[in-house]
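Visitor: Hi! I'm new to this one, could you walk me through it?
Guide: Happy to, let's bring it up and take it piece by piece.

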Amino acid sequence: MHIPDGFLDIKTLATTNLISISFLFYVSRRISKLILPERIPLMGIASAFVFTIQLIAFPVIGGTSVHLLGSVLISVLLGPGSGFLIISSALILQSILFQHGGLISLGANIFNIGIIGCFLGYLIYRIYPSKILAAISSFLTTIIGAFFCVIELYISQRIDFKVGLVAMLLSHLIIGIIEGAMTFLVLLAIERIRPDLLNLDKI
Amino acid sequence: MRRLIFIIILIFVAERCFSHGVGYSLIKNGVGIKVFYEDIEKTPMSYSEVKIFSPQDKTSEFQTGVTDKNGCFVFLPDTKGKWRIVVNDGMGHGLVKEIEIQDNFKVSDQQIVNFSLWQKILIGISIIFGVTGILFYLTTRRIGVKDAHS
């Protein structure tokens, strides 16, 4: 789901970058006012976790590959704002260091993975906060993120809509299920080992 | 007379045949690219669309085609400079890479640098921990200064 540079047209790039930069600006300001120093190392560990799981990709049927996102899991633990900053910083780092996703198309990648994953994912989770709903939210936001990725590529005339949609949804259906299972299992493990981590302020 | 006409027709047909002949020569040079997904198995990006742009014309393709079963594509640059390669699998994955072609129409070895997955993870985690460490230090120091003043 990491769109490289040169794949999106100007209007899609401008729109997604504007939305993502606005979110980044607002969330950064809000979090810098609310954050406690003890929370920073925890966010660092969460960033390292997200960075790592997004780099490890798996081949799926159809000759493509997919990776986990971790957006909902991080948002459930630390809050959507913190989750969004963590996801964004991981995406920026991946883009600058390894060209894993383009630098100019960062806005689109932050939108698909960060905004949809963290904010929409957290909204779905808040309907009835539980491990099951966190898992369902992980699954849904993976699919929705992939759907937006298809729309952006289609608007930019990079893919055929039907072919791209079927390919992306099928591959992300598999990773959505794995993502949901991972969210559920990690939350279950935290509940048993460090239940205090589930009661952190959701900033 | 019949024999003469037959010989004339034969010569005419043979001449036509030669004029449509196709010659060939083997090319030993060329620049190749192997494209793969950066997953744990390095799955080849098979049959993906490839567009090559020359240094002179960055809008019209110099060459188009698809990668083979193993994700490989070879082209023959005719001038030195920065060549742009665009690969699109039509499923949301792709690559845009600029390569420098030298005077001998070959790519310099220095451009072929690939980190392994574990090297990438180690580099990323080191930077993240370094940055958060600095942020943590600065935040606690700021609070410490505030406490000392109050």
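**A first walk through the model**

Guide: Let's start at A:V27, which is found in helix α1 (residues 10-34) of chain A. Keep in mind that this is a predicted model.

Visitor: Okay. Is A:V27 buried or exposed?
Guide: A:V27 counts as buried, because it has 22 C-beta neighbours inside 10 Å, and the cut-off for buried is 20 or more.

Visitor: And what is A:V27 in contact with, leaving aside its neighbours in sequence?
Guide: Once residues within four places in sequence are set aside, A:V27 is in contact with A:G81, A:F84 and A:L85. Take A:L85: it sits 58 residues from A:V27 in sequence, yet the two C-alpha atoms are 7.5 Å apart in space.

Visitor: Let's look at α4(A) then. How many residues does α4(A) have, and how far does it reach?
Guide: α4(A) has 19 residues, and from its first C-alpha to its last it reaches 26 Å. That is close to the 27 Å expected at 1.5 Å a residue.

Visitor: Why is α4(A) described as largely enclosed?
Guide: Because 15 of its 19 residues are buried, α4(A) is largely enclosed by the rest of the structure.

Visitor: What comes just after α4(A)?
Guide: There you find A:Q99, which takes a positive phi of about 55 degrees.

Visitor: What's normal for phi?
Guide: Most residues other than glycine have a negative phi.

Visitor: Where else should I look for a positive phi?
Guide: One place is A:Q157, with a positive phi of about 60 degrees although it is not a glycine. A:Q157 is found in the loop between α6 and α7 of chain A. It counts as exposed, because there are 9 other C-beta atoms within 10 Å.

Visitor: What about in chain B?
Guide: Try B:Y47, whose phi is positive at about 50 degrees, and B:Y47 is not a glycine either. B:Y47 lies in the loop between β1 (31-34) and β2 (49-53) of chain B. With 13 other C-beta atoms within 10 Å, B:Y47 is partly exposed.

Visitor: Switching topic: how do people describe two helices that pack together?
Guide: Two packed helices are described by the angle between their axes and the distance between the axes.

Visitor: So what are those values for α2(A) and α4(A)?
Guide: Their axes come within 9 Å and cross at roughly 50 degrees. That makes α2(A) oblique to α4(A), and the crossing is right-handed.

Visitor: Which residues meet there?
Guide: From α2(A), the residues include A:M43, A:A46, A:V50 and A:F51, and from α4(A) they include A:I86, A:I87, A:A90 and A:L93. The residues of this contact of α2(A) with α4(A) divide into nine nonpolar, five polar and no charged.

Visitor: How do helix α3 and helix α5 of chain A cross?
Guide: The axes of α3 (residues 71-78) and α5 (residues 106-127) of chain A come within 8 Å and cross at roughly 55 degrees. That makes α3(A) oblique to α5(A), and α3(A) passes α5(A) in a right-handed crossing.

Visitor: And the residues in that contact?
Guide: A:S71, A:V72, A:S75 and A:V76 in α3(A) meet a set in α5(A) that includes A:G114, A:G117, A:C118 and A:G121. By class, the contact of α3(A) with α5(A) has six nonpolar, five polar and no charged residues.

Visitor: I'd like to see chain B now. Which helices and strands does it have?
Guide: Chain B has two helices and six strands. Along the sequence they follow the pattern α-β-β-β-β-β-β-α.

Visitor: How much of chain B is buried?
Guide: Buried residues make up 15% of the 150 residues in chain B.

Visitor: And how many residues does each chain give to the contact between them?
Guide: The contact takes 36 residues from chain A and 33 residues from chain B. On the side of chain A that touches chain B, α2(A) gives the most, with nine residues. By class, that side of chain A has 25 nonpolar, eight polar and three charged residues.

Visitor: Can you show me one residue of chain B there?
Guide: Try B:F136 in helix α2 (residues 117-149) of chain B. B:F136 touches A:P37, A:I40 and A:P41, not counting residues up to four places away in sequence. It is partly exposed, with 17 other C-beta atoms within 10 Å.

Terms used: Residues are numbered from 1 along each chain as its sequence is written. Chains are lettered from A and ligands numbered from 1 in the order in which they are written. This is a predicted model: local features need pLDDT of at least 70, side-chain atom pairs count only at pLDDT 80 or more; totals for chains, interfaces and linings use all residues. Two residues are in contact if their C-beta atoms, placed from the backbone, lie within 7 Å. Helices (H or I, at least four residues) and strands (E, at least two) are DSSP runs, numbered from the N terminus. Ala, Val, Leu, Ile, Met, Phe, Trp, Tyr, Cys and Pro count as nonpolar, Asp, Glu, Lys and Arg as charged, and the others, Gly among them, as polar. A residue is buried if 20 or more other C-beta atoms lie within 10 Å of its own, exposed if 12 or fewer, and partly exposed in between; C-beta atoms are placed from the backbone. Axes are lines fitted to C-alpha atoms, for helices over the stretch in contact, and angles run from 0 to 180 degrees between N-to-C directions. Angles under 35 degrees count as roughly parallel, over 145 as roughly antiparallel, 65 to 115 as roughly perpendicular and the rest as oblique. A crossing is left-handed if the near helix is turned anticlockwise from the far one by less than a right angle, and right-handed if clockwise. The expected span of a helix is 1.5 Å times one less than its number of residues.
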